[in-house]
Amino acid sequence: MRKLLLLTFVFTLFTCSGGDDDSSSNQLENALIGTWTIQSHVVNGQSWILNSCDLQESYTVTQTTITHREYEDNQCGYTECTLTEYDVFSYTVDNGIINGNLLNSMEYCTDPSGVDNTNTNENQVFVTPFTILDGVLTFGTVDEYWTFTKN
């Protein structure tokens with residue numbers, strides 16, 4: 001039943017999230033702007049258990065960039081909740097698909113005393129379907145997706 005609902009969701013995503021109508025696409029882009037905090041992560045129909053640190057993960061979307069912040073505890077040598085990844089992407093939206101190009105990425109994972117990996121690699125991209133329905137941003141595929149709510 002869950003897979004049927006997910007397939008229906010993906011079908012709805014591609015048929016109702018913009019099409020050739022520029023005003024619908026602009027409305028979807030405008031609805032995307034803001035700060036979104038994670039609510040769930042589902043892989044192959046199974047919800048991951050998110051702790052209070054995981055629940056700090058967020059995306060801040062402006063008209064030109066998406067900034068991702070990820071937090072972890074008890075990993076990478078940290079014993080408390082710590083920002084471990086900070087990524088900034090430029091992006092476009094087309095027919096309910098976000099196309100992102102990495103502008104800057106900082107990972108704080110392997111050296112808890114400071115930034116271990118800072119790079120800018122414009123060749124790194126992501127492409128993912130998304131919807132915003134009843135104030136919930138959902139992105140990903142049928143096999144793996146995330147939901148976020150706007151702060």
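**View 1. T35 of β1 and T60 of β3 stand opposite each other in this predicted model.** T35 belongs to the stretch where β1 pairs with strand β3, residues 58-61. The two strands run in the antiparallel sense, and four bridges join them.

**View 2. β1 also pairs with β10.** Seven bridges link these strands, again in the antiparallel sense. Within this pairing, V42 faces Y145 of β10.

**View 3. β1 and β2 form a hairpin.** Strand β2 covers residues 46-47 and is antiparallel to β1, with two bridges between them. S47 in β2 is the bridge partner of V42, a residue that also stands opposite Y145 in β10. Two residues lie between the strands of the hairpin, and N44 has a positive phi near 50°.

**View 4. The largest pocket holds about 370 Å³ of space.** Its lining is made up of 18 residues. Those nearest the centre of the pocket are H41, W48, E57, E70 and W146. By type, the lining divides into nine nonpolar, five charged and four polar residues.

**View 5. Strands β1, β4 and β10 contribute to the lining of the largest pocket.** Each of β1 (34-43), β4 (65-72) and β10 (144-150) supplies at least two lining residues. Which strand gives the largest share of the lining? That share comes from β4, with four residues. The other two strands, β1 and β10, are the antiparallel pair joined by seven bridges.

Conventions. Residues are numbered from 1 along each chain as its sequence is written. This is a predicted model: local features need pLDDT of at least 70, side-chain atom pairs count only at pLDDT 80 or more; totals for chains, interfaces and linings use all residues. Side-chain values use heavy atoms; hydrogens and water are left out. On a 1 Å grid over the protein atoms alone, a cavity is a set of points where a 1.4 Å probe fits but cannot get out, and a pocket is an open set with protein on both sides within 12 Å along at least five of seven lines; lining residues have an atom within 4 Å of a point. Grid points are joined across faces, edges and corners, and a volume is the space filled by probe spheres set on the points. Ala, Val, Leu, Ile, Met, Phe, Trp, Tyr, Cys and Pro count as nonpolar, Asp, Glu, Lys and Arg as charged, and the others, Gly among them, as polar. Two strands pair if DSSP finds at least two bridges between them.
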